[in-house]
Amino acid sequence: MRIVLQRVTSAQVAIDDQVVGKIKQGYLLLFGASDSDGEDEIDYYVHKISKLRVFSDDAGKMNLSIEDIGGAILSISQFTLYADTKKGNRPSFTKAGAPDHAKEIYERFNQKLRNAGIHVETGEFGADMQVSLVNDGPVTIIFDSADL
């Protein structure tokens with residue numbers, strides 16, 4: 001599982017010029033799954049992301065979680081996080097999860113974030129999407145289950 005987390009003041013996703021997901025303060029998550037990802041990875045990252053303290057407290061220290069600030073998540077599926085560019089100039093995506101498996105992992109991940117009490121908006125799995133965001137900080141953190 002690979003996740004790029006960006007702290008945002010706002011973000012939205014559109015498909016065919018129609019906004020399908022929109023948040024104010026919170027996280028934009030770009031999410032990719034591999035065939036080896038399962039429930040353990042989902043649970044680990046739901047906990048890590050919901051508890052991650054990267055929002056400023058009254059003293060200006062990154063000391064608050066998304067739960068603490070009542071923030072939301074815009075979660076976008078993105079198989080290209082598994083791009084392999086070692087050979088040639090055209091990326092290979094063979095390390096990305098098979099679409100059926102990746103979609104199931106993505107949907108379970110988003111549902112578990114919701115079950116943790118976080119408002120989650122999404123794009124559409126496999127769609128051509130246009131994502132807009134205002135990165136706050138900027139704060140960008142990369143998670144990779146290969147590092148667990």
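# Briefing: salt bridges, a charged patch and unusual backbone sites

In this predicted model, the side chains of Glu 39 and Arg 108 meet in a salt bridge, with 2.2 Å from N to O. Glu 39 belongs to helix H1 (residues 39–51) and Arg 108 to helix H3 (residues 99–115), so this pair ties together parts of the chain that are 69 residues apart in sequence. A search of the whole structure finds eight salt bridges, and the points below take up several of them before turning to a buried acid, a negative surface patch, backbone geometry and two sites in strands.

**Salt bridges between helices**

- Side chains of opposite charge can pair when their charged atoms come close.
- Glu 39 is partly exposed, with a relative accessible area of 30%, and its partner Arg 108 is likewise classed as partly exposed, at 27%.
- Glu 39 also meets the side chain of Lys 112 in a salt bridge, for which the N to O distance is 2.6 Å; this pair links distant parts of the chain, with Glu 39 in helix H1 and Lys 112 in helix H3, 73 residues apart.
- Lys 112 counts as partly exposed, at 25% relative accessibility.
- These contacts belong to a network of salt bridges that links Glu 39, Asp 43, Glu 104, Arg 108 and Lys 112.
- A further salt bridge is formed by the side chains of Lys 51 and Glu 67, at 3.1 Å from N to O; Lys 51 lies in helix H1 and Glu 67 in helix H2 (residues 66–69), so the pair ties together parts that are 16 residues apart in sequence.
- Both ends of that bridge are partly exposed: Lys 51 has a relative accessibility of 43%, while the value for Glu 67 is 32%.

**A buried acid without a partner**

- Glu 41 is another residue of helix H1, but Glu 41 is buried and has no salt bridge.
- The nearest side chain of opposite charge to Glu 41 is that of Arg 108, which is 7.8 Å away, whereas a salt bridge requires the side-chain nitrogen and the carboxyl oxygen to be within 4 Å.
- When neighbours within four places in sequence are left aside, Glu 41 is in contact with Met 1, Ser 36 and Ser 145.

**A negative patch and the loop between E1 and E2**

- Asp 16, Asp 17, Glu 124 and Asp 128 gather on the surface in a patch of negative charge.
- Asp 17 is found in the loop between strand E1 (2–15) and strand E2 (18–23), and Asp 16 has its place in the loop between E1 and E2 as well.
- Asp 16 counts as exposed at 67% relative accessibility, and Asp 17 is exposed too, with a relative accessible area of 72%; both values lie over the 50% that marks an exposed residue.

**Backbone geometry**

- Most residues other than glycine have a negative phi, and most peptide bonds are trans.
- Asp 16 departs from that pattern, since its phi is near 50 degrees, a positive value in a residue other than glycine.
- Asp 17 also has a positive phi, of about 65 degrees, although Asp 17 is not a glycine.
- Elsewhere in the chain, the peptide bond from Gly 137 to Pro 138 is cis, with omega near -5 degrees, and Pro 138 lies in strand E8 (residues 130–144).

**Two sites in strands**

- Ser 75 is found in strand E6 (residues 72–77) and counts as buried, with a relative accessibility of 0%.
- Not counting residues up to four places away in sequence, Ser 75 touches Leu 29, Tyr 106, Phe 109, Asn 110, Val 120, Glu 121, Thr 122 and Gly 123; among them, Tyr 106, Phe 109 and Asn 110 fall within the residue range of helix H3 (residues 99–115).
- Arg 53 lies in strand E4 (residues 53–56), and Arg 53 touches Met 62, Asn 63, Leu 64 and Ser 65 when residues up to four places away in sequence are not counted.
- The C-alpha atoms of Arg 53 and Val 8, which are 45 residues apart along the chain, are separated by 14 Å.

Terms used: Residues numbered from 1 in each chain as written. Predicted model: local features only at pLDDT ≥ 70, side-chain atom pairs only at ≥ 80, totals over all residues. Heavy atoms only, no water. Patch = residues over 30% accessible without salt bridge, like charges linked within 9 Å, V, L, I, M, F, W, Y side chains within 5 Å. Areas by Shrake-Rupley, 256 points an atom, 1.4 Å probe, with all protein chains shown as cover. Lys, Arg positive; Asp, Glu negative; His and termini not counted. Charge placed at Lys NZ, Arg CZ, Asp CG, Glu CD. Helix = DSSP H or I, 4+ residues; strand = E, 2+ residues; numbered from the N terminus. Buried < 20%, exposed > 50% of the residue type's maximum accessible area, 1.4 Å probe, protein only. Contact = heavy atoms within 4.5 Å.
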